[in-house]
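Morning, everyone. Please get the sequence and the 3D view ready, and we can walk through this one together.

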Amino acid sequence: MAYTVPDLNYAYDALEPHISEATMRVHHDKHHQAYVDKANAALAGTEWEDVKPIELLTRLEELPEAIRDTVRNNAGGYYNHNIFFRSMSPEGGGEPDGKLKNALRDTFRTFAIFKETMEAAAMSTFGSGWAWLVHDGSRVLIVTTTNQDNPISDGLTPLLGVDVWEHAYYLDYENRRAEYVQAWFEVIDWEVVAKRFAAAPVPDVSYILERTVSISGTMIPFGDITLEGARTQSAELGALAGWGPMAKVGSIARAWGELAKNLEGRGADTVSDLDAAMVKKAAVDLWVIPPERGMI
Ligand SMILES: [Fe+2]
């Protein structure tokens, strides 16, 4: 099944003044189309013809050498541009909220630091390439790729990417890449990015959530622990801290306090509403699972 260039969800001039109609027309209709045409030509008649681009990009080393680089560049170009054009909207800009906001805060502390880091990554890419916000299974981070490589080839889930090939900005900004990246931030569709974040694969922590722990003498699943439960544990164990026979009790009490803080900060009803990475860390700190399993 041959690739086709998806239509834009908005008019060619809809992103002005940040990105011009002329740039959008040449970028979408010429460059994106060229990647599609070359990918189709390379894959036609091969056993890889019907393999989805995401799968191709994660199995590049299995491709015949004769078409590997062409597929890497052009199936990559196709996939990257699909992400790029769908991540922009005339109603875009601003900042994300909800779980994506929390994830950005966990890694970068503030949205302003995230934005600065993304801009620095975009500026640091020598020649043609991309800067990406990705999910690695437990947190978000920023990476860059050259040419049309995609982070998915390194096992990362792309959430948002800025195209820093000159064809993306030269008509509007000439060599002023930094200005273009600033303008691109004004059209980011954070709702689309949040959906990708929600769908990003995370480790299965169901076995941790099912483990039972004692809260005030009652055994309940770790996943069902509430803010009140965590606070109670923190207070009860905190009162025992320093008592000789219970050497670890102080650090366990602090870990319950940390869990309570996370539940409160995330507005989570129970531990099962927390991110997988947070569940895992709390479970290790509280000895709900042994440290070696938590490190997997
Ligand atoms: Fe591009």
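I will go through the sheet, the cores, two helix pairs, a hairpin and one more helix. Keep in mind that this is a predicted model.

Let's start with the sheet. Three strands form it, and the sheet is open. Their order is β2-β1-β3, with antiparallel pairing. Which strands sit at the edges? Those are β2, residues 140–146, and β3, residues 157–163. Each of these two pairs on one side only. From one strand to the next, the twist averages 25 degrees.

Now look at strand β1, residues 129–135. Seven bridges join β1 to β2, and the two run antiparallel. Find L133 there: I142 in β2 stands opposite L133. A helix also lies across these strands. Helix α4, residues 98–108, lies across β1 and β2. The helix runs at about 80 degrees to β2.

Stay with L133 for a moment. What does L133 touch, once we leave aside neighbours within four places in sequence? The list includes L104, F108, F114 and M118. V140, L141 and I142 are in contact with L133 too. So are T157, P158, L159 and L160.

That takes us to the cores. The largest nonpolar core has 65 residues. L133 is among the residues with the most contacts inside this core, along with L56, M88, F114, Y180 and W184. Which helix gives the largest share of the core? Helix α3, residues 65–86, with eight residues. Apart from this core lies another one, of 29 residues. A230, A255, A282 and L286 are among its members.

Let's pick out Y180 from the largest core. Y180 lies in helix α7. Is Y180 buried or exposed? Its relative accessibility is 0%, so Y180 counts as buried. Look at what surrounds the residue. Not counting residues up to four places away in sequence, Y180 touches I19, F84, V162, D163, V164, A168, Y169 and Y173. Take Y169 from that list. Y169 and Y180 are 11 residues apart along the chain, and their C-alpha atoms are separated by 6.3 Å.

Next, the helix pairs. Helix α7 covers residues 177–185, and helix α5 covers residues 111–124. The two pack at an angle of about 140 degrees, with axes 10 Å apart. That angle makes α5 oblique to α7. Which residues make the contact? From α5, we have F111, F114, K115, M118, E119, A122 and M123. From α7, we have R177, A178, V181, Q182, W184 and F185. The crossing of α5 and α7 is right-handed.

One more residue in α5, and that is A112. A112 is partly exposed, at a relative accessible area of 46%. A112 and E95 are 17 residues apart in sequence. In space they are 9.7 Å apart, C-alpha to C-alpha.

Now the second pair. Helix α1, residues 21–43, packs with α3 at an angle of about 145 degrees. Their axes are 8 Å apart. The crossing of α1 and α3 is left-handed. On the α1 side, the contact includes M24, H27, H28 and H32. On the α3 side, the contact includes I67, T70, V71 and N73.

On to the hairpin. Strands β4 and β5 form the hairpin, with two residues between them. S216 is in the turn, and S216 has a positive phi of about 50 degrees. Strand β4 is residues 212–215, and strand β5 is residues 218–221. Four bridges join them, and they run antiparallel. V213 has I220 as its bridge partner in β5. T212 has P221.

Here is a general point about strands. In a regular strand, side chains alternate between the two faces of the sheet. Now check β4. V213 and I215 are on the covered face, while T212 and S214 are on the uncovered one.

Last stop, helix α12, residues 276–285. Why do we say that α12 is largely enclosed by the rest of the structure? Because seven of its 10 residues are buried. The buried ones are A276, M278, V279, K280, A282, A283 and V284. Just after α12 comes W287, with a positive phi of about 60 degrees.

That's my tour. Thanks for listening.

How values were computed
Residues numbered from 1 in each chain as written. Predicted model: local features only at pLDDT ≥ 70, side-chain atom pairs only at ≥ 80, totals over all residues. Heavy atoms only, no water. Pairing = 2+ DSSP bridges. Axes fitted to C-alpha atoms, helices over the stretch in contact; angles between N-to-C directions. Contact = heavy atoms within 4.5 Å. Core = buried A, V, L, I, M, F, W, Y, C linked by side-chain atoms within 4.5 Å. Buried < 20%, exposed > 50% of the residue type's maximum accessible area, 1.4 Å probe, protein only. Parallel < 35°, antiparallel > 145°, perpendicular 65-115°, else oblique. Left-handed = near helix turned anticlockwise from the far one by under 90°.
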